[in-house]
Amino acid sequence: MSSKSFVVPAPAQVSLPVTGTDAQFPVRRIYCIGKNYVAHVREMGGDETRDFPIIFQKPVDSVIHAGGTVPYPPMTDDFHHEIELMVAMKSGGYNIPVEDALSHVYGYGVCIDMTRRQLVETPITANMPWELKKSFDHSAPCSAIHPVEMVGHPDKGAIQLSVDGELRQCSDLSLMIWRVPEIISTLSRYFSIEPGDIIMAGTPDGVGPVLPGNRLEGRIENLGALEILVGEPAGVAAPGVQPISLLTTG
């Protein structure tokens, strides 16, 4: 049997290292949860009542490994960090009961939801899709994954992020509005959770801007650290410089 041929180069399989082994964790999808800590909801001017969680996705190839560089993205002059707990799935399916959800988790890690807080050329409206702000190239730095057998299921512990050694975000996993089993169960009502899925479980307060040259270090208690560097702009919109809109008519 001949192997398949493709008319353009096939994308490489994105994967993350696993602590304690030379094997890799293959990444299938990246699910993200927004506004999952009360203080962050207040920080963003929202209502912290326990409404249905905000759910969005990032492209699989937006993953950046620990020690990597995240280029300053185009079309923004307000680029923010958001430290989060990463949940890696080994199994799942549809309609997972809350009480069974953790049995489908392979392990945990540290991730940073890099965000274009403000966009140039694009009006900000309440109904604007989050993809432009959240789902861009290099927007998902992720640490190695720690298997459950090594770290258990963390539901409390310090979560923090520093920029050039200055502490910006500092909270505790116990303050999440939606806990990990609830997140998994809710996602599974709308998507089939499959091996290789990872979940970015929301950020605490203290989010803020970064610039090229900044070094970020995210830490979660018992899950180690994730360090990245913010690089030079990847596109035409450098920090503080607003390009001329192609839609401008004079």
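Let's begin at K133: apart from its neighbours within four places in sequence, this lysine is in contact with M114, T115, R116, R117, L119 and M128. The model you are looking at is a predicted one. K133 itself belongs to helix α2, which covers residues 131-134.

What makes K133 worth a pause is its charge. The residue is buried, yet it has no salt bridge. D78 is the nearest side chain of opposite charge, and it is 8.3 Å away. A salt bridge would need a side-chain nitrogen within 4 Å of a carboxyl oxygen, so D78 at 8.3 Å does not qualify. The side chain of K133 does have a polar atom 3.3 Å from the backbone oxygen of R117, and R117 is also one of the residues that K133 contacts.

Now move along to helix α4, residues 180-187. Here seven of the eight residues are buried, which leaves the helix mostly covered. The buried ones are V180, P181, I183, I184, S185, T186 and L187. What lies over them? The cover includes the strands β3 (30-34), β4 (54-58), β8 (83-89), β9 (105-112) and β15 (198-200).

From β3 you can step into the loop that leads to α1 (38-43), where K35 is found. K35 has a positive phi of about 55°, although it is not a glycine. With a relative accessible area of 33%, K35 is partly exposed.

A second residue of this kind is M75, in the loop between β6 (69-71) and β7 (78-81). Its phi is near 70°, again a positive value in a residue other than glycine. M75 counts as partly exposed, at 24% relative accessibility.

Conventions: Residues numbered from 1 in each chain as written. Predicted model: local features only at pLDDT ≥ 70, side-chain atom pairs only at ≥ 80, totals over all residues. Heavy atoms only, no water. Buried < 20%, exposed > 50% of the residue type's maximum accessible area, 1.4 Å probe, protein only. Helix = DSSP H or I, 4+ residues; strand = E, 2+ residues; numbered from the N terminus. Contact = heavy atoms within 4.5 Å. Lys, Arg positive; Asp, Glu negative; His and termini not counted. Polar contact = N/O pair within 3.5 Å; in protein donor to acceptor, adjacent residues only side chain to side chain.
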